[in-house]
Amino acid sequence: MRFVVVSDSHGDRDILVQLVAQYQDQPVTMLHCGDSELTTDDPLFNQMTVVQGNMDFNGQFPAQVVVPVANERIFLTHGHLYGVNGDLMRLLLAAQENQANLAFYGHTHQLACEMHEGVLLLNPGSIAQPRGQFRDLKGTYAVVDVTPDQYQIQYYNRQFEPVSQLHFTFKRA
């Protein structure tokens, strides 16, 4: 099973259109971690699950949502309500409370992925306004492949090219 995770597009609708087109013929679940700055009735969101970011003033997306896909449960949120700028403990606890084994978030504009207590915590970075060590990539998103034994994460740039040094594998609990 494959998840395409994007966040913090900040009004860059064109990159989301391109992203949807890139994966339209593949069996993927597309998820947006907020700060799209688009309206809830945008037809793009018929093809992805979206949550409310702190800069989403044009719609009423949910603050968080649990997405069940096959045997997986994804806790999807922007992250600002969980203090992700400081640490990920509140996010982890919310994921566990919702019996999720994956937690996807944005807000920091910095990519990150780590395992804590059997939960994969993943930030795809910002597709439009990246910060931190990988800001020179000009934007990233993540593809998460889930197998019975592991999670494989590959980050991509805005040209839909894999970033070789940003590939991670974690064993499932």
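This briefing covers the overall fold of the protein and then a handful of individual residues.

The model is predicted. The protein has 2 helices and 11 strands. Its radius of gyration is 14 Å, which agrees with the value near 16 Å for a compact globule of 173 residues. Buried residues account for 51% of the 173 residues.

**Overall architecture**

- The order of elements along the sequence is β-α-β-β-β-β-α-β-β-β-β-β-β.
- The C-alpha trace spans about 40 × 30 × 30 Å along the principal axes.
- Take the contacts between residues at least 6 apart in sequence: 49% of them join residues at least 24 apart.

**Surface and charge**

- The accessible surface comes to about 8,100 Å².
- Carbon and sulfur atoms hold 45% of that surface.
- The protein carries 10 positive and 18 negative charges.
- The mean positions of the two sets of charges lie 4 Å apart.

**Glu72: a buried acid in a strand**

- Glu72 sits in strand 5, which covers residues 72-77.
- Its relative accessibility is 4%, so Glu72 counts as buried; the cut-off for buried is under 20%.
- The side chain of Glu72 forms a polar contact of 2.4 Å with the side chain of Asn101.
- Beyond four places in sequence, Glu72 touches Met1, Phe3, Val67, Asn101, Leu102, Val146, Tyr151 and Arg172.
- Asn101 therefore appears both as a polar partner of Glu72 and in its contact list, with the 4% accessibility of Glu72 placing this acid among buried residues.

**Ser9: a buried loop residue**

- Ser9 lies in the loop that links strand 1 (2-6) to helix 1 (13-23).
- Ser9 is buried because its relative accessibility is 0%.
- The side chains of Ser9 and His32 are joined by a polar contact of 2.9 Å.
- Setting aside neighbours within four places in sequence, Ser9 is in contact with Leu16, His32, Asp35, Ser36, Ile127 and Ala128.

**Ala128: a contact of Ser9**

- Ala128 belongs to the loop between strand 8 and strand 9 (140-146).
- Ala128 has a relative accessible area of 26% and is partly exposed.
- Its contacts, leaving out neighbours within four places in sequence, are Asp8, Ser9, Asp12 and Arg158.
- Ala128 and Met115 are 13 residues apart in sequence, yet their C-alpha atoms are 26 Å apart in space.

**Ala100: a buried residue after helix 2**

- Ala100 is in the loop between helix 2 (89-97) and strand 6.
- A relative accessible area of 6% makes Ala100 buried.
- Not counting residues up to four places away in sequence, Ala100 touches Arg73, Ile74, Phe75, Ala95 and Val119.
- Ala100 and Gln24 are separated by 76 residues in sequence and by 26 Å in space, C-alpha to C-alpha.

**Gln26: a partly exposed loop residue**

- Gln26 is in the loop between helix 1 and strand 2 (28-32).
- Gln26 is partly exposed, at 33% relative accessible area.
- The side chain of Gln26 makes a polar contact of 3.4 Å with the side chain of Arg2.
- Gln26 and Phe168 are 142 residues apart in sequence and 21 Å apart in space, C-alpha to C-alpha.

**Positive phi: His109 and Glu117**

- Most residues other than glycine have a negative phi.
- His109 has a positive phi, near 65 degrees.
- His109 lies in the loop between strand 6 (102-104) and strand 7 (112-116).
- With a relative accessible area of 3%, His109 is buried.
- Glu117 also has a positive phi, near 50 degrees.
- Glu117 is in the loop between strand 7 and strand 8 (119-123).
- Glu117 counts as exposed because its relative accessibility is 63%; the cut-off for exposed is over 50%.
- In short, His109 is buried, whereas Glu117 is exposed.

How values were computed
Residues are numbered from 1 along each chain as its sequence is written. This is a predicted model: local features need pLDDT of at least 70, side-chain atom pairs count only at pLDDT 80 or more; totals for chains, interfaces and linings use all residues. Side-chain values use heavy atoms; hydrogens and water are left out. Helices (H or I, at least four residues) and strands (E, at least two) are DSSP runs, numbered from the N terminus. The radius of gyration is taken over C-alpha atoms; the globule rule is 2.2 Å times the number of residues to the power 0.38. Buried means under 20% relative accessible area, exposed over 50%, partly exposed in between (1.4 Å probe, protein chains only). Contact means heavy atoms within 4.5 Å. Accessible areas come from the Shrake-Rupley method with a 1.4 Å probe; for residues, only the protein chains shown count as cover. Lys and Arg count as positive and Asp and Glu as negative; His and the chain ends are not counted. The place of a charge is taken as NZ of Lys, CZ of Arg, CG of Asp or CD of Glu. A polar contact is a pair of N or O atoms within 3.5 Å; within protein, one must be able to donate a hydrogen and the other to accept it, and residues adjacent in sequence count only if both atoms are side-chain atoms.
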